[in-house]
Amino acid sequence: MILRRIVGRTMAEALARVEREVGKNALIVETGFEGGLATVIARRSEEPSSTSRNKAAAPDHPLRREPLRYRDGYRPVAERLEDFGLGSRLIDVLYRAVRGLHPHLLQEGDPSLPRIVMRVLAGLVPIKPQVQNPARCIALVGPTGVGKTTTLAKLAARDVIEQKKSVAVLSLDTFRIAAVEQMRAFAEMLQAPFEVIFTPQDLDQALARYANMDSIYIDTTGRSPRDETSLRTMKGYLRKHSDIDIRLCIPAGARRRDLERIREAFGILQPSSLVLTKWDETEAPGEAVAMAIEHEMPLSHITNGQRVPEDLLLADAASIAGEALADLEHRALTAEVTR
């Protein structure tokens with residue numbers, strides 16, 4: 001058995017290389033991130049690939065593959081992951097990973113299978129590291145209606161209430177008067193200074209004025225991914241300051257096609273991580289999770305309600321994987337207890 005170590009700048013790139021160099025039915029033994037690169041350990045499967053059986057078949061698009069038809073114990077796992085919204089490509093990756101590690105687990109009725117799949121999935125989910133000296137200045141960006149202002153309020157409130165930090169709040173959202181007044185009132189509750197920013201020079205001066213604050217939070221105007229002009233203007237405000245940590249807010253329940261459009265459009269701002277908002281409003285957040293995995297975009301936080309600051313969670317790979325297979329894991333534990 002010859003193992004191949006494949007690396008890529010993103011997990012999507014590494015998996016595409018595995019398909020090209022090892023084969024579409026390659027068994028994935030291990031995945032992870034090393035030195036900023038996505039790493040996959042894989043070996044060639046002895047089974048003939050579907051393309052070798054039918055050379056006339058059209059090539060697969062990596063994100064538009066037909067649903068797989070599993071005939072072993074993995075089938076209920078695959079169905080649950082599909083309901084979660086994970087997508088056929090990652091479902092197939094997890095299947096091949098289990099086959100490469102523990103083929104016997106794929107027998108029907110093995111209660112260990114959901115836990116093994118959860119561990120492999122958790123290893124794929126990129127999480128923004130919690131460092132000792134976190135970013136002092138954070139800007140939230142994203143499309144309209146995604147919940148940026150509420151998320152920023154949660155982050156600021158948590159700093160003030162739980163960590164006793166001094167906080168300043170700045171708003172670039174000059175289009176929505178109600179949002180500005182909402183944020184102003186919230187800042188007053190926290191006894192935090194608040195300013196509306198109209199020009200790049202205003203931002204320069206405000207950042208210098210609040211340089212002694214523990215944290216500075218910047219709210220921004222929601223922009224359509226199609227509004228390239230406004231996004232370039234926002235870049236002129238934010239990318240000028242290398243110490244601003246830009247985080248992209250995306251709705252957890254959005255469709256993959258829309259998420260890709262958002263990612264591509266807001267990529268001009270070079271966000272450091274993702275915030276998944278409105279997790280509580282969807283039954284299928286897996287499409288957002290899959291995008292984070294395939295493009296190696298670290299997850300920072302998840303919001304799961306309107307309460308400030310309670311409904312804000314640090315992103316946790318094990319918790320996300322657990323939710324993806326929650327029902328099956330519960331059934332597996334029940335089966336083990338009754339055996």
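**Notebook: contacts, sheet and salt bridges in a predicted model**

I began with the contacts between residues at least 6 apart in the chain's sequence, and I noted that 74% of them join residues at least 24 apart. The model I was reading is a predicted one, and I kept that in mind for each entry below.

**Overall counts.** I looked up the secondary structure next and found 13 helices and 11 strands in the chain. Of its 339 residues, 52% count as buried. For the surface, I wrote down an exposed area of about 17000 Å², of which carbon and sulfur atoms supply 49%.

**The sheet.** I then traced an open sheet of eight strands, which follow the order β6-β5-β7-β4-β8-β9-β10-β11 with mixed pairing. Which strands stand at the edges? They are β6 (194-196) and β11 (312-314), and because each has a single partner strand, one side of each is left without a neighbour in the sheet. From one strand to the next, I recorded an average twist of 25°.

At the β6 end I checked the pairing in more detail: strand β5 (residues 167-171) and β6 run parallel and are joined by three bridges. Leucine 170 has glutamate 195 in β6 as its bridge partner. I also asked what packs on this sheet, and noted that α11 does so, touching β8, β9 (273-277) and β10 (299-303), with a direction that makes about 175° with that of β9.

**Serine 215.** I placed serine 215 in strand β7 (residues 215-219). With 3% relative accessibility, serine 215 counts as buried, because the cut-off for that class is under 20%. Leaving aside residues up to four places away in sequence, I listed Arg136, Asp159, Lys165, Ser166, Val167 and Ala168 as the residues that serine 215 touches.

**Salt bridges.** Side chains of opposite charge can pair when their charged atoms come close. I searched the whole structure for such pairs and obtained 17 salt bridges. I followed three of them by hand, each of which involves a residue of helix α11.

The pair I opened with was glutamate 294 and arginine 89, whose side chains meet in a salt bridge at 4.0 Å, N to O. This pair links distant parts of the chain, since glutamate 294 lies in helix α11 (residues 286-294) and arginine 89 in helix α4 (residues 88-101), 205 residues apart. Are these two partners buried or exposed? Glutamate 294 counts as buried at 4% relative accessibility, and arginine 89 is buried as well, with a relative accessible area of 5%.

Glutamate 294 also turned up in a salt bridge with arginine 256, at 3.2 Å, N to O. Here too the pair links distant parts of the chain, with arginine 256 in helix α10 and glutamate 294 in helix α11, 38 residues apart. I noted that both arginine 256 and glutamate 294 are buried. Following the shared partners outward, I found that salt bridges join Arg89, Arg256, Glu260, Arg263, Glu264 and Glu294 into one network.

The remaining pair I looked up was arginine 255 and glutamate 287, whose side chains meet in a salt bridge at 3.3 Å, N to O. Arginine 255 sits in the loop between β8 (244-251) and α10 (256-266), whereas glutamate 287 is in helix α11, 32 residues apart. The two partners fall into separate classes of accessibility: arginine 255 is exposed, with a relative accessible area of 56%, while glutamate 287 counts as buried at 18%.

**Cysteines.** How many disulfides does the structure hold? I found zero disulfides. I looked at two cysteines for their accessibility, and cysteine 137 counts as buried at 2%, as does cysteine 249 at 0%.

**Backbone details.** I closed with the loops around α11 and β10. Lysine 278, in the loop between β9 and α11, has a positive phi of about 60° although it is not a glycine, and its relative accessible area of 27% makes lysine 278 partly exposed. In the loop between α11 and β10 I found glutamate 296, which likewise is not a glycine and has a positive phi of about 50°. Where is proline 309 found? Its place is the loop between β10 and β11, and the peptide bond that leads from valine 308 to proline 309 is cis, with omega near 0°.

Methods. Residues numbered from 1 in each chain as written. Predicted model: local features only at pLDDT ≥ 70, side-chain atom pairs only at ≥ 80, totals over all residues. Heavy atoms only, no water. Helix = DSSP H or I, 4+ residues; strand = E, 2+ residues; numbered from the N terminus. Buried < 20%, exposed > 50% of the residue type's maximum accessible area, 1.4 Å probe, protein only. Contact = heavy atoms within 4.5 Å. Areas by Shrake-Rupley, 256 points an atom, 1.4 Å probe, with all protein chains shown as cover. Disulfide = S-S within 2.5 Å. Pairing = 2+ DSSP bridges. Axes fitted to C-alpha atoms, helices over the stretch in contact; angles between N-to-C directions.
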